[in-house]
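Please examine the model below together with its sequence. The paragraphs that follow lead from helix contacts to the nonpolar core and then to individual buried side chains.

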Amino acid sequence: MAGVVEQRSIDVVPDSERHGTAFSQFTLWLGANLQITAVVTGALAVVFGANAFWSLIGLLLGNVLGGAVMALHSAQGPRLGLPQMISSRAQFGVRGAVVPLALVIIMYIGFFASGTVLAGQAVGHLTHLGDTAGIITFGAITAFAAAVGYRLIHALGRIAGLVCAVAFVYLGVRLLERTDLALLLHDRSFDFPVFLLAVSLSASWQLAFGPYVADYSRYLPRDTSARATFWWTLSGSVLGSQWSMTFGALAAAAAPAAFVGHEVSYIVGLGGTGLMAAALYFVIALGKLTINVLNTYGSFMSMVTSISGFRGQRTLSPRGRSLYFAGIMVVGTAVSLLGKDSFLTAFKDFLLFLLTFFTPWSAINLVDYYLISKERYDLDALHDPAGRYGAWNTKALAVYTIGVLTQLPFLVTHFYTGPLVAPLGGADISWLVGLAVPATLYWLTSRGDRGPSHSAPSGARGTARATTTAPQSTTHAD
């Protein structure tokens, strides 16, 4: 297993261990998005008031806009050879990065739980064990696959992309046999607030990948084109998510009573009975396994990054690694069991509420990486609280806080609605504010900070290690 189980965690991947091509990002993100939770996300646009025609357009717009932000993060992976969130130390400080990291961990647990609810239903039906046993079984399989690491994750993406694509073609044909597509799309009445809800749902889906997307591109060779990484990531993620969401929106519009609240059974019933039903239960579980492994692996990376910022520890014993994954499995499975009976409303609010915390992080990270630091970081300093990035960057943390707070007046969730929502006709534009305000503030307040001490010429030791030659003696995580 030594050659299969990943040895690295948050340390730099040296050039000698780099492999693959940018196309691997297409297959991974296609497979990660051709799955039941994306189907449910597309259905939510119809469930909460939009007609099918404008739902599809709004979902596509949100996928492209959010996917572009997410793909810009992916392009950082080959350049730095680091997991995504550890680069946040360059903006927030080695210890200050724990602030967005804590929220990222909550996000991963939430997505683990919401995905496990649906996949557990499929496993329960497939094994005849019932939903609760299915959820527990699926959680255990997810934790094991995530512990194996990077290579297995990409292999799952390739397999799931192919298998789920075939399944979705078949399901799409079956859906169109039962309904009149022209009739579904006949209603063209436009309601701006619910249209923006559709945009926000798909944009939040894509933006939520941002805090871990570079984890899965960091093993690519250093000279991999940033443009190729961007476009393959964007195309795979947008194609997979829009395909799934389109199916969900059309299914919810065609049979709202049969589909909503019974998503798994509806999809399986649409496909057939007997062996075909068993195959579809397997496809649903496989699609969710791919994305849940990403969430579990990302949670592990974020926890190690958070703790190492205070302890300076870069290595883990096999026992320690196992305990991390076991803890994630236990917490995520417990949340899924507690929330499985009110899934749709809770998941919609969870997605939209996440935007308030992750759009400011994305804005700050991308402005710093592309516009201020010019894609050049001192990798040693990312692990040194006394180094050039410091322990806490109060300026960045203040901008981040402002970015979160400025969204609140525009936010719409089940438990809170901002005071400026009504004048906008009920539209939620909080994620747009959350990108624009912190991006502008951070650029204005930090553009003079990266002088010689932060961005040295390419021959300087610190920056050269970020952009040309990775350290070959970097320690491993067992």
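Which residues in H6 meet residues in H7? In this predicted model, the H6 side comprises Phe112, Thr116, Val117, Ala119, Gly120, Gln121, Val123, Gly124 and His125. Their counterparts in H7 are Asp131, Gly134, Ile135, Thr137, Phe138, Gly139 and Thr142. Sorted by class, this contact contains 6 nonpolar, 9 polar and 1 charged residues. H6 spans residues 98-127 and H7 spans residues 131-148; their axes come within 7 Å and cross at roughly 115°. The crossing is right-handed.

A second helix pair is formed by H3 (residues 52-74) and H10 (residues 192-207), whose axes come within 7 Å and cross at roughly 35°. Here, too, H3 passes H10 in a right-handed crossing. H3 contributes Trp54, Ser55, Ile57, Gly58, Leu59, Leu61, Gly62, Asn63, Gly66, Gly67, Val69 and Met70, while H10 contributes Phe195, Ala198, Val199, Ser202, Ala203, Trp205, Gln206 and Leu207. The residues of this contact divide into 12 nonpolar, 8 polar and no charged.

One of the H10 residues in this contact, Gln206, merits a closer look. Gln206 counts as buried because its relative accessibility is 0%, under the 20% cut-off. Its side chain makes a polar contact of 3.0 Å with the side chain of Asn63. Leaving aside neighbours within four places in sequence, Gln206 is in contact with Gly62, Asn63, Gly66, Gly67 and Met70, and also with Ser237, Val238 and Ser241.

Gln35 offers a further example of a buried glutamine, with a relative accessible area of 2%. This residue lies in the loop between helix H1 (23-33) and helix H2 (36-47). A polar contact of 3.0 Å joins the side chain of Gln35 to that of Lys288. Residues up to four places away in sequence not counted, Gln35 touches Phe168, Trp205, Ser244, Gly287, Lys288 and Ile291.

The discussion turns finally to the nonpolar core. The largest such core holds 122 residues, of which Trp29, Phe92, Tyr212, Tyr216, Phe247 and Leu294 touch the most other members. Helix H14 (residues 275-311) supplies the largest share of this core, 15 residues. Beyond its neighbours within four places in sequence, Tyr212 is in contact with Trp29, Gln84, Tyr108, Ile291, Leu294, Asn295 and Gly298. Ile291 is thus touched by Tyr212 and by Gln35.

Conventions
Residues are numbered from 1 along each chain as its sequence is written. This is a predicted model: local features need pLDDT of at least 70, side-chain atom pairs count only at pLDDT 80 or more; totals for chains, interfaces and linings use all residues. Side-chain values use heavy atoms; hydrogens and water are left out. Axes are lines fitted to C-alpha atoms, for helices over the stretch in contact, and angles run from 0 to 180 degrees between N-to-C directions. Helices (H or I, at least four residues) and strands (E, at least two) are DSSP runs, numbered from the N terminus. A crossing is left-handed if the near helix is turned anticlockwise from the far one by less than a right angle, and right-handed if clockwise. Contact means heavy atoms within 4.5 Å. Ala, Val, Leu, Ile, Met, Phe, Trp, Tyr, Cys and Pro count as nonpolar, Asp, Glu, Lys and Arg as charged, and the others, Gly among them, as polar. A nonpolar core is a set of buried Ala, Val, Leu, Ile, Met, Phe, Trp, Tyr and Cys residues joined through side-chain atoms within 4.5 Å. Buried means under 20% relative accessible area, exposed over 50%, partly exposed in between (1.4 Å probe, protein chains only). A polar contact is a pair of N or O atoms within 3.5 Å; within protein, one must be able to donate a hydrogen and the other to accept it, and residues adjacent in sequence count only if both atoms are side-chain atoms.
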